[in-house]
Amino acid sequence: MKPKLWLFLLLLLLPGCQSRPVTLATPPVDVVGTSVAAALTAIPPRPTYTPYPTQTPYPTPDLSGLFCEYEFCIGHPPNLPFFDLEVVNDYTTNRSRYDQGILIGFSDDMYIFTAWSRLYGNYDPTVMLTVVLQADLPQETRLTTDIGGRPITYVGLLSTPSTVLPHGLAAAWQCGDRQFGWKAYTGQESQALDLLRQALERFRCNAP
C-alpha cells in the first residue's frame, strides 16, 4: 500500500480513538430540597389496578408502623417506613443523631418529612415549622391542639407538590431538650391531620 494511503487511513481512525471529555459533577447545594423534590418526582401516578398487599417492614407485629431510633419513637403507616436523610454541607456529610436529624418516607399517594434539633433557649414552634416548610406556602391560621398529652402547633399548606399529593400539613412540638417538626402530603383532604394524630399518639422521647 502506498504511504499516502496509509496516512489517509490513519487520519480517519484518529478521531474515533480520542478519549471522551470528563464532566465533573456539580457539588450539591440544597440537598434537603433536592432530595424532597427527587422523592416527590419518583412517586408514580395512581395505579388503576388493585395493588398487592405490602409486607410490614418490621419482623415483629408490635413494631409495625413504629420508628424507634435516636432515642425517640414516632408512628407511621406500616407500608411507609422512614429512612434517614443525610445532609451534605460544604462537602461534609451530616448523618442524623440525637441532636438533629431528618427522616423521610413516601409511597405512591403519601409523603412524610420529620426533623428534629436540640432546643436552646425558649421553645418557639416557628423554628421547626420553618425547617419543615422549606419553600412550601402555609395557610395564615395556625392551630394548637393536645395530642398524646403535649401541645402541638400545626398549619395547613397551600402548596401542591404534585397532582397526586394536593393536601398538606406541617406541625411542630417540643419533647424534653429537643424540638420536632413534621410535614405530610396526602391524596385526600384531612388525611394528613389524621396521620399526625396517629403518629403522635405513639410518640415517645426520653423527656426528663
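**Cores and rings in a predicted model**

Let's start with one residue: Phe72 is buried, at a relative accessible area of 2%. Keep in mind that this is a predicted model.

Where does Phe72 belong? It is among the residues with the most contacts inside the largest nonpolar core. That core has 26 residues. Also on the list of those with the most contacts are Ile74, Trp173, Trp182, Leu196, Leu200 and Phe203.

Which elements build this core? Strands S2 (72-75), S7 (110-118), S9 (150-157), S10 (167-175) and S11 (178-186) each supply at least two residues, and so does helix H4 (191-201). H4 gives the largest share, five residues.

There is a second core, separate from that one. It has 17 residues, including Leu85, Ile104, Val155 and Leu157.

A word of background. In soluble globular proteins, nonpolar side chains tend to be buried together.

Now the rings. How many aromatic pairs does a search of the whole structure find? The count is 11. Take Phe72 and Trp116. Their ring centres are 4.9 Å apart. Their planes meet at 65°, which is over the 60 degrees needed, so this pair is edge-to-face. The two partners come from distant parts of the chain. Phe72 is in strand S2, Trp116 is in strand S7, and 44 residues separate them.

Is Trp116 buried or exposed? Its relative accessible area is 2%, and buried means under 20%, so Trp116 is buried.

Next pair: Trp173 and Phe203. This one is edge-to-face too, with 5.5 Å centre to centre and 85° between the planes. Again, distant parts of the chain are linked. Trp173 sits in strand S10. Phe203 sits in the loop between H4 and strand S12 (204-205). The two are 30 residues apart.

Both of these residues are buried. Trp173 has 0% relative accessibility. Phe203 has 1%.

Let's put the rings together. Phe72, Trp116, Trp173 and Phe203 are among the members of one aromatic cluster. Phe67, Tyr70, Phe82 and Phe180 belong to that cluster as well.

Last topic: charges over rings. Which ring lies under the charged end of Arg178? That is the ring of Tyr98, with the charged end 3.8 Å from the ring centre. Lys183 has a ring partner too. Its charged end sits over the ring of Phe113, 5.4 Å from the centre.

To recap, follow Phe72. This residue is buried, has many partners in the largest core as one of those with the most contacts, and pairs edge-to-face with Trp116.

How values were computed. Residues numbered from 1 in each chain as written. Predicted model: local features only at pLDDT ≥ 70, side-chain atom pairs only at ≥ 80, totals over all residues. Heavy atoms only, no water. Core = buried A, V, L, I, M, F, W, Y, C linked by side-chain atoms within 4.5 Å. Buried < 20%, exposed > 50% of the residue type's maximum accessible area, 1.4 Å probe, protein only. Helix = DSSP H or I, 4+ residues; strand = E, 2+ residues; numbered from the N terminus. Phe/Tyr/Trp six-rings, centres within 6.5 Å; stacked < 30°, edge-to-face > 60°. Lys NZ or Arg CZ within 6 Å of the ring centre and 35° of its normal.
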